[in-house]
Amino acid sequence: MAAIEELAVEVDRAEIIAGVEQAAGLAASQSSGRALSARLDPGKGRLVCYARKRVAEEVGDPETQVAVAAAPEGSSPGDLVEIPVPFGTAARSAARAARAVLEARLGAARMLARAERYRDRVGKLETGIVARREGQDLIVNLGPVEGRLPAEEQSRHEVFNPEDTIRVAVHSIEPHDPPVILSRIAPAVLAGLIERETPEVRRGVVRVRAVARHPGLRAKVAVSSAAPGVDPVAACLGPGGSRIRAVSRELRGERVDVVLWNERVERFARNALRPAEVLDIRRVDGESGDGASRRLRQSGGLLVTVSEAELPRTLGKRGQNVRLASELLGVPIEVVADGASPRRDEERDRRGPRGGRPPGRGPRDSRSPRRGPREGASPRRGPDKRRGGPLRRDGRRDHRSRPARDDRSGHASRPARETRGR
């Protein structure tokens with residue numbers, strides 16, 4: 001018991017006792033040749049082994065059955081009970097196996113106990129060293145423990161090798177080896193990097209309100225400040241944009257837009273859609289959603305009106321700007337040019353997918369006959385129109401029918417010499 005109390009300083013006491021009971025039960029089972037379990041009596045500090053037996057009125061097999069009189073009080077025939085059995089001396093091989101089980105369980109318990117210290121760090125930025133690669137996952141040495149960076153939490157625009165320094169966010173704590181799960185694409189990574197580069201964020205003068213990322217491509221960060229005279233956007237950008245450039249370099253060139261947060265959704269949307277200039281923004285609901293798509297009416301999103309010239313800038317490359325703004329606000333956004341109406345879902349369903357075949361028509365049958373030549377088109381050149389004359393019956397070219405060509409002087413050239421017949 002003294003050894004258990006000593007180990008309980010770094011490992012949970014219940015976990016130590018469970019490990020000791022598992023190891024003792026394994027050793028006893030291997031020595032006796034039957035399945036036994038062990039229980040540790042904390043008061044007396046000794047192990048007691050138990051065998052599971054079936055209560056029977058007449059005992060036919062003493063190894064698996066016990067009489068009603070010898071069974072625990074309240075047992076009836078057919079019940080499965082635990083009967084104490086003497087704990088003999090375990091064989092050396094059984095003792096080695098039990099020791100290995102105990103050490104493995106205690107090692108896992110120690111690692112999980114150290115990892116529990118990171119539970120309060122979930123969503124925070126950590127700096128580590130890439131230790132090795134296991135398949136597509138990266139094992140990162142965080143100091144006290146190791147963390148796993150799964151392939152799905154990595155950016156496809158980044159490549160890290162062993163011994164590289166990496167900054168990651170703690171994603172979760174799981175009972176695996178290693179137990180700390182990390183992320184490189186979580187919004188917390190960008191928020192932590194901005195906090196690392198901006199003293200005003202570390203002091204609490206500037207607050208990061210929301211983050212939306214398309215890892216490796218583009219991101220938007222909303223910041224605010226309650227301190228008078230402090231511009232939160234300028235503080236995060238830094239002198240000449242130096243702070244945000246350092247963040248972008250750490251994310252392998254990811255473009256980061258810093259916008260001003262506002263509690264009014266319409267005003268916040270104007271800031272989130274920058275650098276585009278917005279003409280009008282209104283909230284859409286089921287009653288006042290005239291002209292908006294069905295999806296927008298059902299979700300209660302925002303209908304944004306911009307000029308025709310500002311429409312590409314508002315949408316961004318492949319719609320990236322408006323999607324990031326929607327993720328930043330947490331509401332869907334639909335953009336329409338001034339004077340035009342947004343594309344309704346009903347019309348889109350009726351027309352079918354953009355650039356595809358009309359609904360209800362499958363792929364063209366490869367066995368269908370080809371269409372003939374268009375009217376007025378020149379006929380396809382056949383074999384006898386090719387250079388070198390028609391084919392003879394033996395498959396060779398008949399060069400005798402090749403027309404004579406004029407030379408540069410304008411006179412007709414001498415006709416080709418006829419080949420001798422065979």
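**Exercise 1. Overall character of the chain**

Determine what share of the contacts with a separation of 6 or more comes from residues 24 or more positions apart, and place this share beside the totals for the chain.

*Solution.* Residues 24 or more positions apart supply 56% of the chain's contacts with a separation of 6 or more. The model under study is a predicted one. Its chain holds 12 helices and 15 strands. Of its 422 residues, 36% count as buried, the criterion being a relative accessible area under 20%. The accessible surface of the chain amounts to about 27200 Å², and carbon and sulfur atoms account for 47% of that area.

**Exercise 2. The packing of helix 8 and helix 11**

Describe the geometry of the contact between helix 8 and helix 11, then classify the residues that form the contact.

*Solution.* Begin with the axes. Helix 8 spans residues 265-272 and helix 11 residues 320-329; their axes lie 10 Å apart, at an angle of about 145°. The crossing of helix 8 past helix 11 is right-handed.

Next, list the participants. Helix 8 contributes Val 265, Phe 268, Ala 269 and Ala 272, while helix 11 contributes Asn 321, Ala 325, Leu 328 and Leu 329. Sorted by class, the contact comprises 7 nonpolar residues, 1 polar residue and no charged residues.

The spacing can be set against helical periodicity. An α-helix has 3.6 residues a turn, so residues three or four places apart point the same way.

**Exercise 3. The sheet of strands 13, 14 and 15**

State the strand order of this sheet, explain why one side of strand 13 and of strand 15 lacks a neighbour, and locate helix 8 relative to the sheet's strands.

*Solution.* The open sheet has 3 strands in the order 13-14-15, with mixed pairing. Strand 13 (280-283) and strand 15 (333-337) are the edge strands, and each has a single partner strand, so one side of each has no neighbour in the sheet. From one strand to the next, the twist averages 20°.

Strand 13 and strand 14 (residues 302-306) run antiparallel and are joined by 4 bridges. Ile 281 has Val 304 of strand 14 as its bridge partner. Helix 8 lies across strand 13 and strand 14, at about 135° to strand 13.

**Exercise 4. The surroundings of helix 7**

Identify which residues of helix 7 are buried and which elements cover them.

*Solution.* In helix 7 (residues 242-250), the buried residues are Arg 243, Ile 244, Ala 246, Val 247, Ser 248 and Glu 250. Their cover includes strand 8 (165-173), helix 4 (187-197), helix 5 (199-203), helix 6 (232-237) and strand 12 (255-260). After helix 7 comes Arg 252, with a positive phi near 60°.

Methods. Residues are numbered from 1 along each chain as its sequence is written. This is a predicted model: local features need pLDDT of at least 70, side-chain atom pairs count only at pLDDT 80 or more; totals for chains, interfaces and linings use all residues. Side-chain values use heavy atoms; hydrogens and water are left out. Helices (H or I, at least four residues) and strands (E, at least two) are DSSP runs, numbered from the N terminus. Buried means under 20% relative accessible area, exposed over 50%, partly exposed in between (1.4 Å probe, protein chains only). Contact means heavy atoms within 4.5 Å. Accessible areas come from the Shrake-Rupley method with a 1.4 Å probe; for residues, only the protein chains shown count as cover. Axes are lines fitted to C-alpha atoms, for helices over the stretch in contact, and angles run from 0 to 180 degrees between N-to-C directions. A crossing is left-handed if the near helix is turned anticlockwise from the far one by less than a right angle, and right-handed if clockwise. Ala, Val, Leu, Ile, Met, Phe, Trp, Tyr, Cys and Pro count as nonpolar, Asp, Glu, Lys and Arg as charged, and the others, Gly among them, as polar. Two strands pair if DSSP finds at least two bridges between them.
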